[in-house]
Amino acid sequence: MSENNVKIVSFLCNWCSYGAADLAGVSRLEYPADIRVIRIPCSGRMSPKFILSALREGADAVWVSG
Amino acid sequence: MKYCIDPSICLKLLKDKCGTCEEVCPTNAIDYSQTETELTIQAGSVIFAPGFKPFDPSRFDNYQYANYANVVTSMEFERILSATGPTGGHVTTLPKLPAKPKKKADKLLAEKRKDPKKIAWFQCVGSRDINKCDNAYCSSVCCMYAVKEAVIAKEHAGDDLECSIFFMDMRTPGKEFEKYYENAKSSYGINFIRSRVHSVTEDPDSLDLNINYVDEFGQMVSDTYDMIVLSIGLEIPDETREFAKKIGIDISEGGFAKTSSFEPVSTSRDGIHVAGVFNSPKDIPESVLDANAAASAAGDSLSHVRDTLTQVPEKVEEINVVGERPRIGVFICDCGSNIKGVVDCEAVTEYAKSLPYVDFAYESMFACSQDAQDKMVEYIKEKNLNRIVVAACTPKTHEPLFQETLSNSGLNKYLFEMTNIRNHNSWVHKNNPDIATQKAKDLVRMAVAKSALAEPLAEEKINLNDTIMVVGGGIAGLSAAKSLAMQGYETHIIEKKDILGGEARKIYKTAQGESVQDELDKLIDSVITNDNIKVHLNTTLDSVDGFVGNFRSTLTENGQPIELEYGAAVLATGAKGYEPTEYGYGSDDRIMTSLGLDALFVESSEKLDAVKSAVFIQCVGSREPDRPYCSRVCCTHSIDNAIELKERNPETDVYILYRDIRAYGERELLYKKARELGVIFIRYSTDDKPVVQVEKETLTIKVTDHVLGKPLEIEADLLTLASALIPRRDEQLANFFKVPLNDEGFFVEKHAKLGPAEFATDGVYVCGSGHYPKPLNEAVTQGRASASRLLTLLAKKDSLFTSGTIATIDFENCCSCGVCISICPYSAPDFQNEGRFAGKADINPVLCKGCGLCVASCRSGAIHLRGFDTNQILTQIFALDEVV
């Protein structure tokens, strides 16, 4: 990841936040490249075990958005 | 959107020089040999939707739009507020200058650029104006968009910005608009100033704008603003008027198509239908309704030839890949330079080849282009691939396209995985190509890991019953049923009363002067004589079971229970007139509601002959704290009735006491006509409402005159209260179909702008005043629109499938706790009643929307979400391992 080495795993809802991340691209906004997006069908799909797994794999932060 | 060459200036076409575009075009799309061709299309119906032109205020010398740098149009201000606009969404003065000016004079001017502290909106520029232009009509949309622009500007700039809207009447009669307007005043502190500003002058140094205006108390006020936004109206351009003439359709004085209230999307020429602003000035939801309704009208006359020109694509037999080792093909898209310009796509492709189970990786310039798709089919067959990963743009727009390509090559479409290396990567990290390339590799690795676990998924066919139930036999319901029946579908109308027609039974005339009762009788006659329509009078709905395509209801018809099976429902339950508790209603028979007066007109009552002085009070029960919406129809209704009184007896004194006259569109012409006939309009405010004194002989209405500021006493022998339209708030019906009601009790549609005639619940549609109060023509339009939306469902009768990405239950592990049943917002899971797994939950694939709530909440881990199963999400997290 980037130089400051922050690692963020983000779970984005397909219907809102994933689309918002698309829009950020269309609007040519810039943001640090420290996140990796995992698309989920709805934030209702989110389970605590995904968050724990991500942290166990070494993520500094987990971001759930929906 | 595609580019084309202008042959009048192209050097290649004119002088056979240049040819650069052909050289640089990466997809060889340039073809100089193409010329203009004339196409002849044989059509059975035509829909004419030419739209409008924003009014050009350059011709108004008093606002100096063409000369002053800080006078902009509302259309320009929309762009200024937009994140993709010329100022990147930042509101600044001098917006017409380039962001980074190159010319010296512009550079000097740009130094004067600042964040505005005061912005004014001038309403009715190019609308309601026959003095400086010829547009007598109201453009209907400008009040609402001005309020919206002011609110957004305040949201951007915060308390630093003062927004003022100069208006004549605030016209916010649309659904949820009145609340928005009130909120703009109370929460955002936007000033609403009732005045028409005469002219604008510019301070030559600061470029600030000075205005003088007369306020509501008759005082002259001078003020200075940093920016002025002209709320320009909608206009029908001359080309459209000429074209309309050419194809032989009648237009109004304002240039809008002439349509009747009962066929509001059909022009004077048979077979030509109309939609959008050319029909009448309107906003987005109404344009969408118009478009839907025009499609229904066009389809009505063509139903006998439906499907005669349909071509069915050949289906490729699906290859069974279950149990095979994954052989993944990865396709990396350059997206021209959109991705390749930042990401080293070659390196990503090479990297992809090194990943587990990847048999093949390929870089293509535009993965979505037709030749790339054809190639993908070839590679799938040649390399015997059984999973495909595409790293390109967003699956939200392009997944269906690639899935179709998979189907064409014989692979199940769910063996596809897409990862987003453009919107989420190259576009947002364009200054860090190395990091972006690394991120692209990570994303591809995650997608490959998920893809290896992909399984072919089945989509279940939904059996669709094409019988329809329409709830409500008013104008909207009748219009919907008529269109559905004409297109060949069995339609049942459920009406609780013993007669069809609903509230329209009580109305005398439409705004266009048509006799409602005559037209209603014709409509009812065409409905009851149609063999496809079954009318159930005196009928109530007792239960609703099932889901889209397969509903079942118990009804009580004339006291007898009956069963009805149907595939879709239209809710057209309407609204009813509010019975006022104010202004002495009920204490004297000279005080009546608008519908009461209509009844007198219908029977040509003798009572009318004795009327010497008539008063109308507007907004009775509407736009009040406990009913904070505008009933939309009452202003026009009262004006219409005032005109009727004046025409019956010009000697009658007629007064309309109002808050804002909301005669939107060409209804404005009625307002003008009423004033010309001598109807007196007196505006009152909510803190000084009219007072009605009922005495034996006389009926006295006291009101403060808004021009003189003096109290007036009017003796009347007829007082009409323009009472609100109130929804039926049928919570039981809403629960039956799982559709929402808003705070006031109106149905909430799927999408306020884009889905105005349907519910979020599949197979359930809405029309009429149960959605929001509306006049007859709009009820017909929405009735037709709901039919049109419903027809798009019925058209899929043989090709309606569930999604493959839905939840399934592993019965062995289900502990029958019922959490999934209680948590599902779509009522998809239920306990099984019989069989080996009785008592265990099962999920109805037709109702499941694949959100995964039940999967996440299942304590036994018994529920799996196909396509997004736990192992598929975990494997992506594990694939991060190399990253984190």
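A nonpolar core is a set of buried Ala, Val, Leu, Ile, Met, Phe, Trp, Tyr and Cys residues joined through C-beta atoms within 7 Å. With that in hand, here are the close-ups of this predicted model.

**View 1. The largest nonpolar core.** This core holds 117 residues, and I228(B), V470(B), V471(B), V570(B) and L790(B) have the most contacts inside it. Helix α20 of chain B, residues 776-794, gives the largest share, 9 residues. Pick out L790(B) and look around: leaving aside residues up to four places away in sequence, L790(B) touches I468(B), L484(B), A568(B), V570(B) and Y765(B). In soluble globular proteins, nonpolar side chains tend to be buried together.

**View 2. Strand β23 of chain B and the strands it pairs with.** Is each face of β23(B), residues 568-571, covered or open? Both are covered: A568(B) and V570(B) are buried on one side, while A569(B) and L571(B) are buried on the other. Strand β17 of chain B, residues 468-471, pairs with β23(B) in the parallel sense over 4 bridges. Strand β34 of chain B, residues 764-766, also pairs with β23(B) in the parallel sense, over 3 bridges. L571(B) is a good residue to follow here, as it stands opposite V471(B) and has V766(B) as its bridge partner in β34(B).

**View 3. A second core with residues from chains A and B.** Separate from the core of 117 residues, a second core has 89 residues. F11(A) and A33(A) are included in this second core, and so are I339(B) and I863(B).

**View 4. Helix α1 of chain A and its cover.** Which residues of this helix, residues 17-26, are buried? They are S17(A), Y18(A), A21(A), D22(A) and G25(A). Seen down the axis of α1(A), the buried residues fall within an arc of 155°, so they line one face of the helix. Their cover draws on both chains: it includes β1 (8-13), β2 (35-40) and β3 (61-65) of chain A, along with α11 (395-408) and α12 of chain B. After α1(A) comes R28(A), whose phi is positive, near 60°.

**View 5. V428(B) and its neighbours in chain A.** V428(B) sits in the loop between α12 and α13 of chain B. Why does V428(B) count as buried? It has 25 other C-beta atoms within 10 Å, and a residue is buried if there are 20 or more. Its contacts include A24(A), G25(A), L29(A), E30(A) and Y31(A). G25(A) is also one of the buried residues of α1(A). For a sense of distance, the C-alpha atoms of V428(B) and G755(B) are separated by 32 Å, and the two residues are 327 apart along the chain.

**View 6. Where chain B meets chain A.** Here 35 residues of chain B are in contact with 33 residues of chain A. On the chain B side, α12 (422-426), α13 (433-452), α22 (853-857) and α23 (870-879) each supply at least two residues. That side of chain B divides into 19 nonpolar, 11 polar and 5 charged residues.

**View 7. Chain B, to place the close-ups.** Chain B has 23 helices and 38 strands. Its C-alpha atoms fill a box of roughly 95 × 85 × 55 Å along the principal axes. The radius of gyration of chain B is 32 Å, which agrees with the value near 29 Å for a compact globule of 884 residues. Of those 884 residues, 45% count as buried. Among the contacts in chain B between residues at least 6 apart in sequence, 69% join residues at least 24 apart.

Notes
Residues numbered from 1 in each chain as written. Chains lettered and ligands numbered in written order. Predicted model: local features only at pLDDT ≥ 70, side-chain atom pairs only at ≥ 80, totals over all residues. Contact = placed C-beta atoms within 7 Å. Nonpolar A, V, L, I, M, F, W, Y, C, P; charged D, E, K, R; others polar. Rg over C-alpha atoms; globule rule 2.2 N^0.38 Å. Buried ≥ 20, exposed ≤ 12 C-beta atoms within 10 Å, placed from the backbone. Arc of directions from axis to C-beta. Pairing = 2+ DSSP bridges.
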